[in-house]
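Colleague: Got a minute to walk me through this one? Put it up and I'll ask as we go.

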Amino acid sequence: MGFCYLNSVALAVLEALARGQRKVAVFDFDVHHGNGTEDILRCRPDCAFFSIHQFPAYPGTGESSHQNIHNYPVPPGAPRAEYRQNLADALAALRRYEPTLIAVSAGFDAYYGDPLSDAALETDDFHWLGVELRAIGVPVFSVLEGATAPRSRT
Ligand SMILES: [Zn+2]
């Protein structure tokens, strides 16, 4: 669902599994829940979905976790430290999953200045995320998802 006709990350994950990957993790930090990715990957034993997103917010899903779906809802207006703690918790869970490949749904609309959200991440937080994901030591690829031109801080 979301704003997309095709779910690029889910297609890539399914192709990677068809080509022999054993455990693929999707790390979705777009501020909107990845409901389409969740629907496609739900209940599959060979992949796991980790989504950190504002909730409640569009599309209105992602409040709870189940089986291979790990959702980290963050309330609108949450302080930057709370949002970042949810990202850290999701990263820790992803590490425990021990994936052979990580697919990143890279949405930058949790940035402080993005008019589509009420989140408070800064560019340093996105840099930190990239360093942490790379440090896991397995192949990582990312697909750009949401972001709009940020308003300036006043
Ligand atoms: Zn988004």
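Modeller: Let's take the sheet, then one helix.
Modeller: This is a predicted model: local features need pLDDT of at least 70, side-chain atom pairs count only at pLDDT 80 or more, and totals for chains, interfaces and linings use all residues. Residues are numbered from 1 along each chain as its sequence is written.

Colleague: What is the strand order in the sheet?
Modeller: The order is 3-2-1-4-5, in an open sheet of five parallel strands. Strands are DSSP runs of E, at least two residues; helices are H or I runs, at least four; both are numbered from the N terminus. Two strands pair if DSSP finds at least two bridges between them.

Colleague: Which strands stand at the edges?
Modeller: Strand 3 and strand 5 (140-144). Each has a single partner strand, so one side of each lacks a neighbour in the sheet.

Colleague: How many bridges join strand 2 to strand 3?
Modeller: Six. Phenylalanine 50 has histidine 70 in strand 3 as its bridge partner.

Colleague: Switching to helix 3. Which of its residues are buried?
Modeller: Tyr83, Arg84, Leu87, Ala90, Leu91 and Leu94. Buried means 20 or more other C-beta atoms within 10 Å of the residue's own, exposed 12 or fewer, partly exposed in between, with C-beta atoms placed from the backbone.

Colleague: Where do they sit around the axis of the helix?
Modeller: Within an arc of 120 degrees, so they line one face of helix 3. The arc is that of the directions from the helix axis to the C-beta atoms.

Colleague: And what is on the face turned away?
Modeller: Exposed Ala81, Glu82, Ala92 and Arg96.
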